[in-house]
Amino acid sequence: MPFSVQIVRCPKCNQPVYHAEEVQAAGKKWHKTCFKCGLCKKMLESTTLAEHEGNLFCKQCYARKFGPKGVGFGGGAGALGMDTGEHLGNVSGSEMSNKPTYAPPPGAGQQH
(Lines give C-alpha, C1' and ligand atoms only; values in the text may rest on other atoms or scores of the structure.)
Protein backbone atom coordinates (compact mmCIF):
# COMPACT_ATOMS: atom_id res chain seq x y z
CA MET A 1 0.00 0.00 0.00
CA PRO A 2 1.53 3.36 -0.98
CA PHE A 3 2.19 5.94 1.68
CA SER A 4 0.12 9.11 1.26
CA VAL A 5 0.32 12.42 3.07
CA GLN A 6 -2.77 14.49 3.62
CA ILE A 7 -2.10 18.18 3.21
CA VAL A 8 -3.95 20.23 5.80
CA ARG A 9 -4.93 23.69 4.59
CA CYS A 10 -5.52 26.76 6.73
CA PRO A 11 -9.21 27.77 6.66
CA LYS A 12 -8.20 31.46 6.55
CA CYS A 13 -5.66 31.55 3.69
CA ASN A 14 -6.10 28.05 2.16
CA GLN A 15 -2.32 27.46 2.19
CA PRO A 16 -0.75 24.25 3.57
CA VAL A 17 -0.27 24.23 7.35
CA TYR A 18 2.88 22.49 8.54
CA HIS A 19 3.22 21.09 12.04
CA ALA A 20 5.74 23.72 13.21
CA GLU A 21 3.38 26.59 12.41
CA GLU A 22 -0.01 25.15 13.34
CA VAL A 23 -2.51 26.29 15.95
CA GLN A 24 -5.56 24.08 16.52
CA ALA A 25 -8.94 25.68 17.18
CA ALA A 26 -12.57 25.10 16.21
CA GLY A 27 -11.66 21.62 14.99
CA LYS A 28 -9.24 22.99 12.39
CA LYS A 29 -5.55 23.76 12.01
CA TRP A 30 -4.56 27.39 11.41
CA HIS A 31 -1.28 29.23 10.74
CA LYS A 32 -0.12 31.18 13.77
CA THR A 33 -0.26 34.34 11.62
CA CYS A 34 -3.85 33.58 10.52
CA PHE A 35 -5.05 32.85 14.06
CA LYS A 36 -6.67 36.24 14.63
CA CYS A 37 -10.08 37.80 15.14
CA GLY A 38 -12.20 37.96 12.01
CA LEU A 39 -13.31 41.51 12.88
CA CYS A 40 -10.61 43.46 14.71
CA LYS A 41 -7.69 41.28 13.48
CA LYS A 42 -6.24 41.00 17.01
CA MET A 43 -4.05 37.92 17.50
CA LEU A 44 -5.88 35.25 19.47
CA GLU A 45 -4.95 32.86 22.24
CA SER A 46 -6.91 29.94 23.62
CA THR A 47 -8.19 32.16 26.44
CA THR A 48 -9.38 34.99 24.15
CA LEU A 49 -10.95 32.81 21.45
CA ALA A 50 -14.62 32.56 20.55
CA GLU A 51 -15.79 30.51 17.55
CA HIS A 52 -18.97 30.89 15.51
CA GLU A 53 -19.75 28.69 12.48
CA GLY A 54 -16.05 27.97 11.88
CA ASN A 55 -14.96 31.61 12.15
CA LEU A 56 -12.69 32.94 14.89
CA PHE A 57 -13.37 36.03 16.97
CA CYS A 58 -11.94 37.59 20.10
CA LYS A 59 -14.44 37.40 22.95
CA GLN A 60 -15.14 41.14 22.80
CA CYS A 61 -16.01 41.15 19.07
CA TYR A 62 -18.01 37.93 19.48
CA ALA A 63 -20.14 39.55 22.18
CA ARG A 64 -20.65 42.64 20.03
CA LYS A 65 -21.65 40.61 16.97
CA PHE A 66 -23.58 37.67 18.44
CA GLY A 67 -24.34 38.56 22.06
CA PRO A 68 -27.58 40.02 23.36
CA LYS A 69 -28.23 43.66 22.56
CA GLY A 70 -26.84 45.87 25.27
CA VAL A 71 -23.47 44.08 25.26
CA GLY A 72 -20.55 45.75 23.52
CA PHE A 73 -21.92 47.88 20.69
CA GLY A 74 -25.52 46.66 21.05
CA GLY A 75 -28.36 48.94 21.99
CA GLY A 76 -26.70 50.25 25.14
CA ALA A 77 -28.06 50.15 28.68
CA GLY A 78 -31.39 51.58 27.51
CA ALA A 79 -31.99 48.42 25.47
CA LEU A 80 -31.50 46.04 28.37
CA GLY A 81 -34.67 44.35 29.54
CA MET A 82 -35.56 43.17 32.99
CA ASP A 83 -36.52 39.56 32.33
CA THR A 84 -38.17 38.07 35.39
CA GLY A 85 -37.77 34.52 34.07
CA GLU A 86 -41.47 33.70 34.35
CA HIS A 87 -41.23 31.70 31.13
CA LEU A 88 -38.67 29.52 32.96
CA GLY A 89 -40.91 28.88 35.94
CA ASN A 90 -39.61 31.65 38.20
CA VAL A 91 -42.24 33.22 40.42
CA SER A 92 -42.46 36.79 41.63
CA GLY A 93 -40.84 37.29 45.02
CA SER A 94 -38.10 34.69 44.42
CA GLU A 95 -35.56 37.30 43.34
CA MET A 96 -32.12 37.09 44.89
CA SER A 97 -31.16 39.68 47.46
CA ASN A 98 -27.77 41.17 48.16
CA LYS A 99 -28.32 40.41 51.85
CA PRO A 100 -26.61 37.34 53.37
CA THR A 101 -28.85 34.35 54.08
CA TYR A 102 -26.77 32.78 56.83
CA ALA A 103 -27.49 33.15 60.55
CA PRO A 104 -25.85 36.16 62.25
CA PRO A 105 -23.08 35.40 64.74
CA PRO A 106 -24.10 35.04 68.41
CA GLY A 107 -24.65 38.43 70.06
CA ALA A 108 -25.08 40.30 66.75
CA GLY A 109 -27.91 42.82 66.78
CA GLN A 110 -28.25 42.93 70.58
CA GLN A 111 -28.40 46.32 72.23
CA HIS A 112 -26.14 46.90 75.25
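**A walk through the predicted chain, from a loop to the core**

T47 is a residue of the loop that connects β2 (28-31) with β3 (49-52), and it offers a convenient place to enter this predicted model. Because its relative accessible area is 54%, above the 50% that marks an exposed residue, T47 is classed as exposed. Along the chain T47 stands twelve residues from K59, and the C-alpha atoms of the two are separated by 8.9 Å.

From this loop one can step back to the chain as a whole, which contains one helix and four strands, arranged along the sequence in the pattern β-β-β-β-α. Of the 112 residues in the chain, 17% are buried, and the accessible surface comes to about 9,200 Å², with 55% of that area belonging to carbon and sulfur atoms. When contacts between residues at least 6 apart in sequence are considered, 12% of them join residues at least 24 apart.

Following the chain onward from T47 leads to the pairing of β3 with β4, two strands that run antiparallel and are joined by four bridges. One of the residues involved is L49, whose bridge partner in β4 is C58. The two strands form a hairpin with two residues between them, and in the turn E53 adopts a positive phi of about 50°.

The strand β4 also leads into the interior. In soluble globular proteins, nonpolar side chains tend to be buried together. Here the largest nonpolar core has 13 residues, and those with the most contacts inside it are W30, F35, C37, L44 and L56. Both β1 and β4 (55-58) supply at least two residues each to this core, while the largest share, three residues, comes from β4. The surroundings of L56 illustrate how distant parts of the sequence meet: leaving aside neighbours within four places in sequence, L56 is in contact with a set of residues that includes W30, F35, C37 and L44, and also A25, A26, L49 and A50.

C37, named above among the core residues with the most contacts, invites a closer look at the cysteines. The count of disulfides in the model is zero. C37 is in no disulfide, and the nearest cysteine sulfur, that of C40, is 3.7 Å away; this distance lies outside the 2.5 Å within which a pair of cysteine sulfur atoms is taken as a disulfide. C61 is likewise in no disulfide, with the sulfur of C58 as its nearest cysteine sulfur at 3.6 Å. Because its relative accessibility is 0%, under the 20% limit, C37 counts as buried, and C61 is also buried, since its relative accessible area is 6%.

The last stop is β1 (residues 22-25), the strand in which E22 is found. E22 carries a relative accessibility of 18%, and therefore counts as buried under the 20% limit. Its side chain makes a polar contact of 3.2 Å with the side chain of Q24. Beyond its neighbours within four places in sequence, E22 is in contact with V17, K29, W30 and K32. W30 thus ties this part of the description to the core, because W30 is in contact with E22 and is also listed among the core residues with the most contacts.

Definitions and conventions. Residues numbered from 1 in each chain as written. Predicted model: local features only at pLDDT ≥ 70, side-chain atom pairs only at ≥ 80, totals over all residues. Heavy atoms only, no water. Buried < 20%, exposed > 50% of the residue type's maximum accessible area, 1.4 Å probe, protein only. Polar contact = N/O pair within 3.5 Å; in protein donor to acceptor, adjacent residues only side chain to side chain. Contact = heavy atoms within 4.5 Å. Areas by Shrake-Rupley, 256 points an atom, 1.4 Å probe, with all protein chains shown as cover. Core = buried A, V, L, I, M, F, W, Y, C linked by side-chain atoms within 4.5 Å. Pairing = 2+ DSSP bridges.
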